[in-house]
Amino acid sequence: MANNEDALRAMQNCFHSQFSVDEAEYEDIEENRRTSVDEDSIYLGCTLSRSFNPEDSPVIKMGWLHKTPPQGTLVFQKRWVMLDAQFLRYFQNEKGVYSKRIIAILSVTEVLNVGGQKFEVVTRNRTFLFRAENNTVREEWVSVLKETIQQRCNSMEMSLMNFSDTSGQRASRVSLISKQGYLEMSGLRSKLYVVICANSVFLYRNAEEHSQGVGITSIEMNLGTVKGTDKRSFNLTTFYRTFSFVAESEQQREQWVEALQACVSHSLSSNAVAQKIWSEEANQRCADCGAPHPDWASVNLCVVLCKCCAGVHRGLGQSVSKVRSLKMDEKVWTENQLFLLLGNDKVNLFWAANIPPSEMLCTSSDSEERKRFVTAKYCQGKYRRYHALFGQQEALNKALCNTIQTGDVLETLSLVFCGADVNCYTGDPELPSPVSIAQHYGQTLQVEFLTHNHNTELPGSRAGDHTILEAALPISHTGYLFKTASSTRAVTERKSKGDFSRRWCSLNQGNFSYYESEKSSSQSGQMKMSDVLCLVVNPQGKHGYGHSFELYHDSGRVYLFGEDSPDTVREWIKAIGKALVPPVAEDLVGWSFERVGRLRYTAGQSFHCPCLGWFSLGGSRLLLLLHGEDHADNIDLRKLQELSVEQEAAAVVLVDRGRRLRLEGDRRPDFQGWLSGIQQGLGRGDGPLDQQQLTETEVPVIVDCCISYITQHGLKSEGIYRRSGVNSKIAALLFSLRHDPRQVRLSEGERQVDNVANVLKRFLREVGEGVFNGHQASLPWLHTTTVSERRERVSQYKALLHSLPLVNRATLGAVINHLYCVQCFADENQMNMHNLAIVFGPTLFQTDGTDNSAGQVVEELIQNYQDIFNVNAEQLQKQLDMISHVIKAQEEHTEEGTPSPLTICGVYLERKEEGSELLVQISQAVSAEELVCEVLRRGNIPTQQGEYWSCFLVNDNQEMERPLHYQERALAIYFSLGKDCHLVVKRNCYMDAMLIYIAGMVDVSRNSMIKFRDEKGQRGKRTFSRRLCVLDGTSLRLYKEVKSTQPERECQVHALKVYYGIKKRLQPPSCWGMTVVCEQAERDKQQWYLCCESKNELIEWLATFMNLQHNSDLWPAASRPDS
Ligand SMILES: [Zn+2]
């Protein structure tokens, strides 16, 4: 105890001291402290095995070096040294998380070779001496250090740290520091100088250290939490430890907590894009007013802007400046190199070539000044550098076509904003537009620039009237409509009449405006049609006003208009539709569409350079006019071969008749609308026949799928369509087929033929309206049986067939053709025409079977199949030959080896809820890992690096769950599931931390005090009590007291099943519990509940369990392939 206190005191002194305490002593103290157990030290034996990389700056070099303390002793200390672009740090060992020293590269003045494998890192105030293993290692370090120091000027983040640079001046006037000052570390009498900078917290012994750029350590905040604990104290908890601080006053504490919390959320928000764009130095200041850290940009004007200027830009409308946030609109930036290539300075050489000093903007300019300046700069092009070809339209266009073949985007920008036409005809029918030329030459940045400017208004072109743009759009329409307040999300809830206000609306010259009344002289709102992404027609009665429509604006806002009169709304939709699409796309608005607008798309396998296309959607029909086409194409969504959604990228991929089309939305609400419209158009398994997913021949995919399965596997099966299958299997199979028939692969298995046969029957019996299109329409069919003359009956059937809707006719044809084939094999399957008719009569007519005329109809349809369905005898024979051939091949194949039977197993994705269940066919051999991959593939979830997905066994009230080890056999688990359990594939939130813990752990076993109770609890005392818990390679043992020699409980490690979580009714004392099921003896299955005091402790226990049970093999070495 005394020893601890001494060490602590020494530690405090050390922190308290200025430079009088020599560093050797400082480190020696730390060495001592490491052996004692005290939570309050600066140094904690936190371990991490991977290359530790706090500021997300790549490690340049790391390795062991010996370090000599600068003053005094000759004792060399082995240190793990790590260098990145910003800092040189050294750690106690290679697993260290928090460094012993952190030296800003910016503060290093020199790196010098000295004798005996040694080298010095010199800063202004002190020199660090290192010794390498040998001269080669030393040379490596010295040269890499020198290189890094030379490149430090490029290191943006450094200059923002506000360290003094080598000349002693502030490196930058710009600072990322949000708060700095002295804080007490709880338990230490002395104070530390703490600096919150960007995403990290830096600890220094004092302010001078800070200014010299030499500190103790940095704390990465992206995993941090901050919590006030007392009036003046607060905790900063990271993944590795808790730092307890005491501020000078309550008010100070508030400020620190606030600043730290901001730091946490800042570091969590996507800063990557901003950092990248700022790495071009010219982008560190607003292009218009010069304010630091501009985190907005205009993507078409190619300037990086501060918040104030961005607001002004936004006010000009999307057709002038497309404003995006560097921090929030991450999607826009994923591939964006444009801003790195150009940069504010270069772009301003064009935009701001001639600004009179009196008109210059500065950071303190007010919004009026900004507005005047920004309008003059970009709308009027008042300060721009005029291109030599200005005013010569043809020459400009020609120059544009040449420039976009090169990488000179700046020249393109200058041409475009001096009048070159982005959409001009190039004269080459193969590459008709500038965009297509740029694509052809692989100039992706040019494509990006052109795409952003495909519909922008050019400076100067609007000086007088709007003739240039609107010449092609002579549509005008006026009248009263009712309008709700615009919103940033899709309008999902019903709006009552009270939510609407009456507005006088006017569509004129490509502008849609609305006014308080007909007499108002100033409009209350206006949007340019070129900024409208999409027009959506709502179903009748969706809102208080019976007929309504929505406009999705490029700014992300959604506008809702309504009226009671269907005619009024129809007229508006017609006018707006026409004003929205280009004249060549007029087909798109000439029908009763639900949604029309533009989307970016790529066709085929190309992933680059999306083009702009126009689309309209209604029901299952998607009309599209792709770039460069002159007429609209048509996709029947029910016949799509594939649909996959890339939710992250806001993209959807359609495969239609072998053609792949990837559509991308610019704005989330707009994209979601398209996506759900397309998904609804796909066909629903619970709808009538014509709403099913269809094959090319108009037959529901379900029917087609079952028929081809029976044709392959069941034609020789005795009693086919007569025998019953396994009811639960049939239900599950039908469910998955109804959900998405194209995803289902019917595989062989015991009695699978009968299951599939029953699925087909059940589908036909249950499908809405039936094959004969409703009860009424089916009566004439049944009545035909009373006609005596056969030929007369056949011609009546023919007429009735002809009167059926297309899909019904095709379906009936497919079924009867199939039955015809089945009875051809009656010798083997014993199902002749009559037998089949008995089964299929009531099925197809959806009757109870008491009336045998249904059977008669079906029998006659089979009998006269060729006549009624007009089938060529030769064709039919060909089909039968083909079938015989397939069956023969099938039989030969089966003799070769029996494939393992497959079972359909229901697994939930992410959580158990309606619609999240996926039915997956798996064999005995499938591992949990393979199951996870399959489920993710089916759910269209791309796995990302650092994401850990596991299959969990979850109990129904979701209080406890066990992640399956990746090698566990999934089917065995599935079969063993109790009624109240299910399987869920979801992220394993502890895995990352567990892997880190295991990689750094020294001892594979673990023992510590833990709160425990068992199933029964102590009689009358249903509480948890403390036990010493020991877990090693052989068993888990619980001891009543530390001194106990006999364990109270014991269970072999291999007989344990460990679940995350404890049932709530057991009242666990914390939320970090685990349930350990001990299955040592079949009859003696026990559940023990262990409760930890912190998340870290829980993770460590879980990791220890997993590690022992699976011989350190927690996760597959190779990452999952992208599906
Ligand atoms: Zn600005």
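**Figure 1. Four cysteines hold the zinc ion in this predicted model.** The protein donors are the SG atoms of C286, C289, C306 and C309, and they sit 2.2 to 2.4 Å from the metal. Angles subtended at the zinc ion by the four donor atoms run from 104 to 115°, which makes the arrangement tetrahedral. For reference, the ideal value for four tetrahedral donors is 109.5 degrees. Reading along the chain, the donors of the zinc ion follow the pattern C-x2-C-x16-C-x2-C. C286 comes from the loop between α7 (272–278) and β16 (296–298), while C309 belongs to helix α8 (residues 307–315), so this pair ties together parts that are 23 residues apart in sequence. Is C286 buried or exposed? C286 is buried, and C309 is buried as well.

**Figure 2. The whole chain, as background for the other close-ups.** The protein chain has 1123 residues, and buried ones make up 54% of them. Its secondary structure comes to 34 helices and 44 strands. If you take the contacts between residues at least 6 apart in sequence, 59% of them join residues at least 24 apart. The chain exposes about 51,400 Å², with carbon and sulfur atoms supplying 47% of that area.

**Figure 3. Helix α22 packs on helix α27.** The two helices, α22 (residues 752–766) and α27 (residues 833–845), cross at an angle of about 35°, and their axes are 6 Å apart. Who makes the contact? From α22 it is K761, L764 and R765; from α27 it is V839, F840, P842, T843 and L844. Sort the residues of this α22–α27 contact by type and you get five nonpolar, one polar and two charged.

**Figure 4. The buried residues of helix α33 and what they pack against.** Helix α33 covers residues 991–1000, and its buried residues are M991, A993, M994, I996, I998 and G1000. Which elements do the buried residues of α33 pack against? They meet β42 (1056–1060) and α34 (1095–1109).

**Figure 5. Y721 and Q1067, a pair of positive-phi residues that aren't glycines.** Y721 has a phi of about 75° and is placed in the loop between α20 (701–713) and α21 (727–739). Y721 is buried, with a relative accessible area of 1%. Q1067 has a phi near 50° and turns up in the loop between β42 and β43 (1073–1078). With 59% relative accessibility, Q1067 counts as exposed, so the view pairs a buried residue with an exposed one.

**Figure 6. A928 in helix α31 and its contacts further along the chain.** A928 belongs to α31, which spans residues 928–938. The residue is buried, and its relative accessible area is 2%. A928 and Q967 are 39 residues apart in sequence, yet their C-alpha atoms are 5.9 Å apart in space. Leaving out residues up to four places away in sequence, A928 touches L964, H965, Y966, E968 and A970.

**Figure 7. K1057 in strand β42 and its contacts.** K1057 lies in β42, the strand that the buried residues of α33 also pack against. At 26% relative accessibility, K1057 counts as partly exposed. The C-alpha atoms of K1057 and C1078 are 6.5 Å apart, with their positions 21 residues apart in sequence. Beyond its neighbours within four places in sequence, K1057 is in contact with R962, T1075, V1076, V1077 and E1079.

**Figure 8. F1012 in strand β38 and the residues it touches.** F1012 is part of β38, residues 1006–1014, and it is buried, at 3% relative accessibility. Not counting residues up to four places away in sequence, F1012 touches T1023, F1024, S1025, R1027, L1038, R1049, W1088, Y1089 and L1090. For F1012 and L1038, the C-alpha separation is 8.8 Å and the sequence separation is 26 residues.

**Figure 9. P780, a proline in helix α23.** P780 sits in α23, which runs over residues 775–784. This proline is partly exposed, with a relative accessible area of 36%. Q796 is 16 residues away along the chain, and the C-alpha atoms of P780 and Q796 are separated by 9.0 Å.

How values were computed
Residues numbered from 1 in each chain as written. Predicted model: local features only at pLDDT ≥ 70, side-chain atom pairs only at ≥ 80, totals over all residues. Heavy atoms only, no water. Donors = N, O, S within 2.8 Å, 3.2 Å for Na, K, Ca; no water. Tetrahedral: all angles 85-135°; square planar, octahedral: opposite > 155°, others 65-115°. Helix = DSSP H or I, 4+ residues; strand = E, 2+ residues; numbered from the N terminus. Buried < 20%, exposed > 50% of the residue type's maximum accessible area, 1.4 Å probe, protein only. Contact = heavy atoms within 4.5 Å. Areas by Shrake-Rupley, 256 points an atom, 1.4 Å probe, with all protein chains shown as cover. Axes fitted to C-alpha atoms, helices over the stretch in contact; angles between N-to-C directions. Nonpolar A, V, L, I, M, F, W, Y, C, P; charged D, E, K, R; others polar.
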